[in-house]
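Work through the exercises below with the coordinates open. Each has a task and a stepwise solution.

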Amino acid sequence: MTSVCTQQTAALETKYERLQSIVREIGSALIAFSGGVDSTLLLKVAHDALGDRAIAATADSETYPREELEQARALAALIGCRHIVLRTDELSDERYARNQPDRCYYCKRTLFARLQPLAAELGVAAILYGAMADDIGTHRPGHRAAKEFAVRSPLVEAGLGKQEIRELARRLGLPNWNKPSFACLSSRIAYGERVTAEKLRILDEAERFLRQLGLIQFRVRHHDTIARIEVPLEDIPAVIEHREAIVAHLKALGYVYVTLDLQGFRSGSMNEAHRSSLADIALIVD
């Protein structure tokens, strides 16, 4: 057992050194920084390697909870990195708003289209973002946008997966190393149902309420008049305990029905009804 752990530690150290080398070779970079653990690790490594030549950029949009932007600001300040916040308007793109399975492509396309001239203005060599090795081969239309804009993904290049990223973030003292995975609020809306600023506001308010109850890993899925709550199976009793308050709050936001998904929390559950179309998109992305 000790030998296995030693080998894993050595392998992780090798990947970490590779990541540092990749970033140093780039020379200067604008990092698409969401405040999640992946982009935080990338920003930390970039700042350590490049100093002031590493700059963070975070999108401010209705598609992200206000708390996420506040956390991104705090993390960038903790790392000591220059941080630029820029407004993005994904909803103005009809291809995004109509909410088909390739929605994330248009989201990332909007972001990178804003970052590209900013990078040129700042005189940096590359735009970086926090895609990781575990993403390869999954439904991630945003990768196609990254390729089109020549955006680099050093975590993928170094072969780092989610658990390795969390471990490196922990070792480097990043406070969000164990932060639950997060996706934009639009991912809570069923494919084919239009994304609007009002729906995103309602979802933000609904999830903020659940967060205030002490829940950490969860989703409120939007199905027209139905709110479908996903939590890990072990947290179902907590939801039941607060059932009356949750129902009252979500109905006040406009939902007619409030349901609890007995399958529990799972990332990408909105993809389950669209497996065949997602397979076609994956072929295009690859």
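**Exercise 1. The parallel sheet**

In which sense do strand 1 (residues 29-32) and strand 2 (residues 54-60) pair, and over how many bridges? Then place the other strands of the sheet and the helix packed on it.

Solution. The model is a predicted one.

Step 1. Strand 1 and strand 2 pair in the parallel sense, with four bridges between them. A position to check is A32, which stands opposite A57 in strand 2.

Step 2. The sheet is open and has four strands in the order 3-2-1-4, with parallel pairing. Strand 3 (82-87) and strand 4 (126-128) are at the edges; each has a single partner strand, so one side of each lacks a neighbour in the sheet.

Step 3. On average, neighbouring strands of this sheet are turned by 30° against each other, direction ignored.

Step 4. Helix 3 (residues 66-79) packs on the sheet and touches strand 2 and strand 3. The direction of helix 3 makes about 160° with that of strand 3.

**Exercise 2. Salt bridges within helices**

Analyse the pairs D48 with K44 and E198 with R201 by distance, spacing and accessibility.

Solution. Step 1. A side-chain nitrogen within 4 Å of a carboxyl oxygen is the criterion. By this rule the model has 25 salt bridges.

Step 2. D48 and K44 meet at 3.4 Å, N to O. Both residues lie in helix 2 (residues 37-50), four residues apart, about one turn of the helix.

Step 3. Buried means under 20% relative accessible area. K44, at 18%, therefore counts as buried, whereas D48 is partly exposed at 46%.

Step 4. E198 and R201 meet at 2.7 Å, N to O. They are three residues apart in helix 9, which separates them by about one helical turn. E198 is partly exposed at 42% relative accessible area, and R201 is partly exposed at 41%.

**Exercise 3. A salt bridge between helices**

Which parts of the chain does the pair E67 and R208 tie together?

Solution. Step 1. The side chains of E67 and R208 form a salt bridge at 2.7 Å, N to O.

Step 2. E67 belongs to helix 3 and R208 to helix 9 (residues 197-212), so the pair links parts that are 141 residues apart in sequence.

Step 3. R208 is buried, with 18% relative accessibility.

Step 4. E67 and R208 also belong to a network of salt bridges that includes D204, E205 and R211.

**Exercise 4. Strands 5, 6 and 7**

Describe how strand 6 (residues 226-230) is paired and covered, then find the nonpolar patch that includes I226.

Solution. Step 1. Strand 5 (residues 219-223) and strand 6 run antiparallel and are joined by five bridges. V220 stands opposite I229 in strand 6.

Step 2. The two strands form a hairpin with two residues between them, and D224 in the turn has a positive phi of about 60°.

Step 3. Strand 6 pairs with strand 7 in the parallel sense over four bridges. The bridge partner of I229 in strand 7 is L260.

Step 4. Four of the five residues of strand 6 are buried, so this strand is largely enclosed by the rest of the structure.

Step 5. I226, V256 and Y257 make a nonpolar surface patch of about 260 Å². V256 lies in the loop between helix 11 (243-252) and strand 7 (257-260), and is partly exposed at 40% relative accessible area.

Terms used: Residues are numbered from 1 along each chain as its sequence is written. This is a predicted model: local features need pLDDT of at least 70, side-chain atom pairs count only at pLDDT 80 or more; totals for chains, interfaces and linings use all residues. Side-chain values use heavy atoms; hydrogens and water are left out. Two strands pair if DSSP finds at least two bridges between them. Axes are lines fitted to C-alpha atoms, for helices over the stretch in contact, and angles run from 0 to 180 degrees between N-to-C directions. Contact means heavy atoms within 4.5 Å. Patches are made of residues with over 30% relative accessible area and no salt bridge: like charges are joined within 9 Å, nonpolar side chains (Val, Leu, Ile, Met, Phe, Trp, Tyr) within 5 Å. Accessible areas come from the Shrake-Rupley method with a 1.4 Å probe; for residues, only the protein chains shown count as cover. Buried means under 20% relative accessible area, exposed over 50%, partly exposed in between (1.4 Å probe, protein chains only).
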